[in-house]
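Here is a short set of exercises to work through with the structure open beside you. Try each task before you read its solution.

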Amino acid sequence: MSLFENKDDLKVLVETLNFKEKVERSLALIKEAFELYGDGLVVANSLGKDSVMVWDLAKKVNKQIRGFIVTTRFKPKETIAFMQEAVARYPELKVYKSDIVIPDKLYETDPDRCCDLLKVGPTRQAINEMKVKCWVTGLRCTEGRTRTDFKEVEERDKGLLKLNPILIWKEREVWQYLALYGVKVNPLYAQGYRSLGCAPCTKITSDENERAGRWIGTSKCGGECGIHTRPLINGEGI
Ligand code: SF4
């Protein structure tokens, strides 16, 4: 049966599939999507641990699979260096960035608007320019309060499929995969970060919630930049 049409209970799968079964399921989802969409299948690579794992899985399915990175003027220097290494190794990874003029410290006064301009806009641009039919993300349903209601295969925007092939993975299992397969990660993790974003909006915390260090002190705390919640086709502005 097609995994694309599965009605499996994801919460059960999170707890019952073992590591090998999760690897096989993730690979099967990407393989099925690649057979359906070919070059229209593109991986969104945020350069976090989940993204580099999905990128590694995608390369196991087919070396030709393309990807895009959305970066901003506020990314930490370690992430920029890590991005430059990734792009040098994989020229099929395209980088998108907005140079739009924004008010000073917009990330403090209106972080939603800041993310909309610097992250959602370039994501829309990538999807449009790369003629993406199915984008692949590193979302996981155990990652935080805002990530519990996603599906492995979704169509939030009509005509644009979204594949979340590691949705049922736990944080520990992602690290297990990265260690077992020798996948290099952003050096910021060694400093204690668990979820990576722009420098002004990302802190090290000891909170149990994996995304608790994101947007601390704002209404967005532990939340989302918007690429998983805002329309990506026919959205407003760039
Ligand atoms: S994470 Fe912070 S700095 Fe980066 S785009 Fe969002 S609000 Fe702006």
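**Exercise 1. Two residues with positive phi**

Task: Decide whether Leu 47 is buried or exposed, and do likewise for Lys 131.

Solution. Keep in mind that this is a predicted model.
- Step 1: Leu 47 has a relative accessible area of 4%, so it is buried, since buried means under 20%.
- Step 2: Find Leu 47 in the loop between strand 1 and helix 3. Its phi is near 75°, a positive value in a residue other than glycine.
- Step 3: Now go to Lys 131, in the loop between helix 6 and strand 4. Lys 131 is not a glycine either, and its phi is positive at about 50°.
- Step 4: The relative accessible area of Lys 131 is 61%, so this residue is exposed; the cut-off for exposed is over 50%.

**Exercise 2. Laying out the sheet**

Task: Work out which strands stand at the edges of the sheet.

Solution.
- Step 1: Write down the strand order of this open sheet of six strands, which is 3-2-1-4-6-5, with mixed pairing.
- Step 2: Strand 3 (93-96) and strand 5 (153-157) each have a single partner strand, so they are the edges, and one side of each is left without a neighbour in the sheet.
- Step 3: As for the twist, neighbouring strands are turned by 30° against each other on average, direction ignored.

**Exercise 3. The surroundings of strand 1**

Task: Find the residues that stand opposite Val 42 in strand 2 and in strand 4.

Solution.
- Step 1: Start with strand 2, which runs parallel to strand 1 and is joined to it by three bridges. Here Val 42 stands opposite Arg 66.
- Step 2: Turn to strand 4, which also pairs with strand 1 in the parallel sense over three bridges. The bridge partner of Val 42 in strand 4 is Trp 135, while Val 43 stands opposite Val 136.
- Step 3: Look at the side chains of strand 1: Leu 41 and Val 43 point one way, Val 42 and Ala 44 the other way, and all are buried.
- Step 4: Add helix 3, which lies across strand 1, strand 2, strand 3 and strand 4 and runs at about 150° to strand 1.

**Exercise 4. The nonpolar cores**

Task: Which residues have the most contacts inside the largest nonpolar core?

Solution.
- Step 1: This core has 43 residues, and the ones with the most contacts inside it are Met 53, Leu 163, Trp 169 and Tyr 177.
- Step 2: Elements giving two or more residues to the core include helix 2 (19-37), strand 6 (160-163) and helix 7 (171-180). Helix 3 gives the most, with six residues.
- Step 3: Zoom in on Trp 169, whose contacts include Phe 19, Met 53, Arg 140 and Tyr 177.
- Step 4: There is also a second, separate core of 16 residues, with Ala 44, Met 130, Val 132 and Cys 225 among them.

**Exercise 5. The shell around the ligand**

Task: How many residues surround the ligand, and which helix gives the largest share?

Solution.
- Step 1: Ten residues surround the ligand, and the closest are Phe 74, Cys 114, Cys 115, Cys 198 and Cys 201.
- Step 2: Helix 6 (residues 111-129) supplies the largest share of the shell, five residues.
- Step 3: Sorted by class, the shell holds nine nonpolar residues, one charged residue and no polar ones.

Terms used
Residues numbered from 1 in each chain as written. Predicted model: local features only at pLDDT ≥ 70, side-chain atom pairs only at ≥ 80, totals over all residues. Heavy atoms only, no water. Near = heavy atom within 4 Å. Helix = DSSP H or I, 4+ residues; strand = E, 2+ residues; numbered from the N terminus. Nonpolar A, V, L, I, M, F, W, Y, C, P; charged D, E, K, R; others polar. Core = buried A, V, L, I, M, F, W, Y, C linked by side-chain atoms within 4.5 Å. Buried < 20%, exposed > 50% of the residue type's maximum accessible area, 1.4 Å probe, protein only. Contact = heavy atoms within 4.5 Å. Pairing = 2+ DSSP bridges. Axes fitted to C-alpha atoms, helices over the stretch in contact; angles between N-to-C directions. Lists of a residue's contacts leave out its neighbours within four places in sequence.
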